[in-house]
Protein chains: 2
Amino acid sequence: LNAGQLAFPFRRFQIGKVYRGERAQRGRFREFYQADIDVIGDGALDIINDAEMPSIIYRAFTALGLRRFVIRINNRKLLSGLFALMGVETEKAGDVMRIIDKLEKIGREKVAALLVELGLAQDKADALLDLLTCSDRGEDPLQQLDAFASQNEQFDAGLNELRTVASLMAGFGVPETHFKIDLTIARGLDYYTGTVYETHLLDHPEIGSICSGGRYDNLAGYYTDRKLPGVGLSIGLTRLFFVLQDQGYLSPSLLTAPADVLVIPMTEDFAPAVQLATALREAGLRTQIYSENKKFKARLQYADKLGIPFVVFLGEDEINSGKITVKDMASGEQTTASPTMLISGMLQRVAALREGAPIRDKGGE
Amino acid sequence: LNAGQLAFPFRRFQIGKVYRGERAQRGRFREFYQADIDVIGDGALDIINDAEMPSIIYRAFTALGLRRFVIRINNRKLLSGLFALMGVETEKAGDVMRIIDKLEKIGREKVAALLVELGLAQDKADALLDLLTCSDRGEDPLQQLDAFASQNEQFDAGLNELRTVASLMAGFGVPETHFKIDLTIARGLDYYTGTVYETHLLDHPEIGSICSGGRYDNLAGYYTDRKLPGVGLSIGLTRLFFVLQDQGYLSPSLLTAPADVLVIPMTEDFAPAVQLATALREAGLRTQIYSENKKFKARLQYADKLGIPFVVFLGEDEINSGKITVKDMASGEQTTASPTMLISGMLQRVAALREGAPIRDKGGE
């Protein structure tokens with residue numbers, strides 16, 4: 001750790017390849033891209049950061065075009081305190097956490113059975129599950145939890161944190177429709193110490209969380225004696241885009257081609273095409289020359305396969321008259337005029353193609 | 001190789017970590033970032049691509065602010081043919097190539113000695129070195145080479161390619177000041193089959209090539225039976241930025257801070273700061289809240305260390321009057337007014353800070 005050279009609180013964001021030890025599944029590859037945001041404090045890190053991290057995710061998802069998602073938040077201190085109040089032994093809190101985390105996957109009955117198996121009385125297990133799922137019945141979790149206040153220090157600390165985070169998230173501009181206190185979220189990983197997050201697409205609960213994380217006050221303890229508490233969120237990009245692609249979320253009209261214009265020279269001498277391509281590039285159009293000796297149809301197919309919106313033909317006639325022929329690949333329309341006449345139209349069309357959001361949130365339209 | 005799914009010519013650019021087998025040196029790390037551009041053809045790849053690749057590098061370097069550099073080009077077919085004409089046995093052409101490549105490092109005399117050692121007659125070695133360095137004496141290499149035309153097929157092919165590449169590079173908008181035919185460039189690596197490139201900073205020849213590459217017609221042959229000729233250029237980014245930093249090329253005024261504004265709340269309750277930060281973000285300013293319980297001086301130092309241009313103070317007085325106090329960290333000037341009054345000024349200043357080129361080419365100013 002180069003902790004000595006950093007300015008704390010240290011904020012990092014990173015997009016990179018990461019690896020998973022578990023077995024690969026559909027859309028869950030062993031090597032995948034992950035995007036992380038984290039903030040790490042030196043000694044202490046204010047709870048305000050627990051509210052700011054999800055607000056950044058809200059902004060990023062919204063900017064990409066995603067609308068119908070909800071960031072769910074919970075607090076593990078609150079859960080641990082609650083378990084203690086329900087008579088769960090401290091050393092079993094982690095096990096209960098992992099069982100609770102399976103609620104969505106295996107259902108309430110199986111979770112209750114597992115809790116009883118772990119030593120919880122049937123009525124305590126029922127009471128616990130009633131409480132954790134109270135928002136499903138339209139009840140306000142914070143209000144329900146208030147009934148347990150002032151009996152357990154950890155519970156009180158957690159409840160206070162959760163209340164603060166929820167209030168500050170609203171302050172950071174996350175609308176009520178996009179976050180939710182969900183007491184059933186525990187996160188399986190043991191290093192989370194307070195706030196935990198999961199993010200779900202409203203129309204695709206089966207996909208699971210697309211962005212998760214939480215507060216980890218002791219994680220850096222593996223590497224250094226310094227106390228470096230942090231809070232962060234991760235997006236499994238490979239999986240997210242696999243799923244978005246699969247569900248038709250990715251906007252097909254968005255310009256993803258490596259070029260805006262393909263210049264097809266119709267003469268042996270490439271010099272006029274090179275000159276034209278240079279002029280088009282200087283005007284701001286990303287330009288490629290098709291220089292392979294292929295049939296006319298194959299040249300057009302190349303533009304089509306790459307999704308290049310415009311093809312420019314440059315033959316003897318055009319060179320002699322100082323004109324070019326532009327084919328709009330979407331409409332099939334062909335226009336012959338001087339390059340200067342045609343450039344601004346192409347620039348406008350390309351700017352329009354670029355403007356749309358990359359993710360087309362079907363539910364929100 | 002997923003060659004079956006690609007559209008040829010396939011153009012790729014990639015920035016990623018790569019590793020070197022050689023020993024590490026100052027600025028030459030074992031793990032480093034490299035940027036590559038390549039174009040790969042299916043069966044054939046027109047010579048026009050050999051001219052386009054360096055023109056892309058010219059554009060990229062110029063856009064970054066680099067001015068005083070020269071892209072040197074040569075052709076290995078031409079060299080091989082020339083060696084044959086000088087009486088070098090075919091199987092020794094590679095060795096001669098590697099010796100020639102050392103010209104800049106070890107000087108003409110040692111190179112001549114190595115060539116004689118390899119079996120070349122002293123007068124042949126001298127004639128060869130005279131020819132290769134003819135541009136140092138103000139002679140035109142293409143004109144000098146013409147004297148050897150029509151005696152060796154490979155030589156003729158190489159000379160023709162070199163002449164075409166030079167002519168098309170000018171067509172692609174690379175000014176004569178920024179490229180040069182240099183017959184002493186051979187590139188040590190055996191997989192180059194035609195055009196080769198090196199790029200040097202005019203004011204720092206000692207740095208060596210900052211961007212090199214060439215045509216490789218048989219490289220993919222290691223992996224597939226298909227003929228996939230390619231041409232490409234690589235920039236060793238880690239080394240380049242190490243050198244640029246070391247030589248004071250990186251512009252210190254360019255905004256590299258992770259935020260434009262640091263909001264420092266002077267009250268216990270963070271809610272007003274959160275609200276303000278949200279408003280600043282919505283106005284387009286990248287905003288961070290300083291939430292740590294540190295002394296006033298330490299808070300300012302944090303902004304200073306990260307290079308954040310503006311600090312906003314939010315105390316009781318400001319909150320009650322609906323105003324904020326903005327400190328411009330560069331000038332030290334402090335202004336108190338409503339956020340709306342101050343936002344456009346901050347946006348303008350930030351836009352101006354962002355505008356400069358990242359590389360400040362000292363020789364060109």
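Is Leu118(B) buried, partly exposed or exposed? We'll get to that in the first view; keep in mind that this is a predicted model.

**View 1. Leu118(B) sits in a loop between two helices of chain B.** The helices on either side are H5 (108-117) and H6 (122-132). Now for the opening question: Leu118(B) has a relative accessibility of 22%, so it counts as partly exposed. The cut-off for buried is under 20%, and exposed starts over 50%. Setting aside neighbours within four places in sequence, Leu118(B) touches Lys92(B), Asp95(B), Val96(B) and Ile99(B). Take Val96(B) from that group: 22 residues separate it from Leu118(B) along the chain, yet the two C-alpha atoms are 8.1 Å apart.

**View 2. Helix H9 of chain A, residues 237-246, with its buried residues picked out.** Five names to look for here are Leu237(A), Arg239(A), Leu240(A), Val243(A) and Leu244(A). If you look down the axis of H9(A), these buried residues fit within an arc of 165°, so they line one face of the helix. There's a simple bit of helix geometry to help you picture this: an α-helix has 3.6 residues a turn, so residues three or four places apart point the same way. And what lies over the buried residues of H9(A)? The cover includes three strands of chain A, namely S1 (10-19), S2 (31-40) and S7 (230-236). Follow the chain on past H9(A) and you come to Gly248(A), which has a positive phi, near 75°.

**View 3. A cis peptide bond between Phe8 and Pro9, shown in chain A and in chain B.** In chain A, the bond joining Phe8(A) to Pro9(A) has an omega of about -5°. Pro9(A) belongs to the segment before S1 of chain A. Hop over to chain B and the bond from Phe8(B) to Pro9(B) is cis too, with omega near -5°. Look for Pro9(B) in the segment before strand S1 (10-19) of chain B.

**View 4. Ser150(A) has a positive phi without being a glycine.** Its phi is near 65°. Ser150(A) is in the loop of chain A that runs between helix H7 (141-146) and helix H8 (153-171). With a relative accessibility of 67%, Ser150(A) counts as exposed.

**View 5. Over in chain B, Ser150(B) also has a positive phi.** The value is about 65°, and again the residue is not a glycine. Ser150(B) lies in the loop between H7 (141-146) and H8 (153-171) of chain B. Its relative accessibility is 67%, so Ser150(B) counts as exposed.

**View 6. Stepping back to take in chain A, with its 13 helices and twelve strands.** Chain A has a radius of gyration of 28 Å, well over the 21 Å that the globule rule gives for 365 residues, so it is more spread out than a compact globule. Its C-alpha atoms fill a box of roughly 90 × 50 × 40 Å along the principal axes. Of the 365 residues in chain A, 48% are buried. As for the outside, chain A exposes about 17900 Å², with carbon and sulfur atoms supplying 50% of that. Contacts are worth a glance as well: among those between residues at least 6 apart in sequence, 64% join residues at least 24 apart. Chain A also carries 42 positive and 48 negative charges, and the mean positions of the two sets are 5 Å apart.

Definitions and conventions. Residues numbered from 1 in each chain as written. Chains lettered and ligands numbered in written order. Predicted model: local features only at pLDDT ≥ 70, side-chain atom pairs only at ≥ 80, totals over all residues. Heavy atoms only, no water. Helix = DSSP H or I, 4+ residues; strand = E, 2+ residues; numbered from the N terminus. Rg over C-alpha atoms; globule rule 2.2 N^0.38 Å. Buried < 20%, exposed > 50% of the residue type's maximum accessible area, 1.4 Å probe, protein only. Contact = heavy atoms within 4.5 Å. Areas by Shrake-Rupley, 256 points an atom, 1.4 Å probe, with all protein chains shown as cover. Lys, Arg positive; Asp, Glu negative; His and termini not counted. Charge placed at Lys NZ, Arg CZ, Asp CG, Glu CD. Arc of directions from axis to C-beta.
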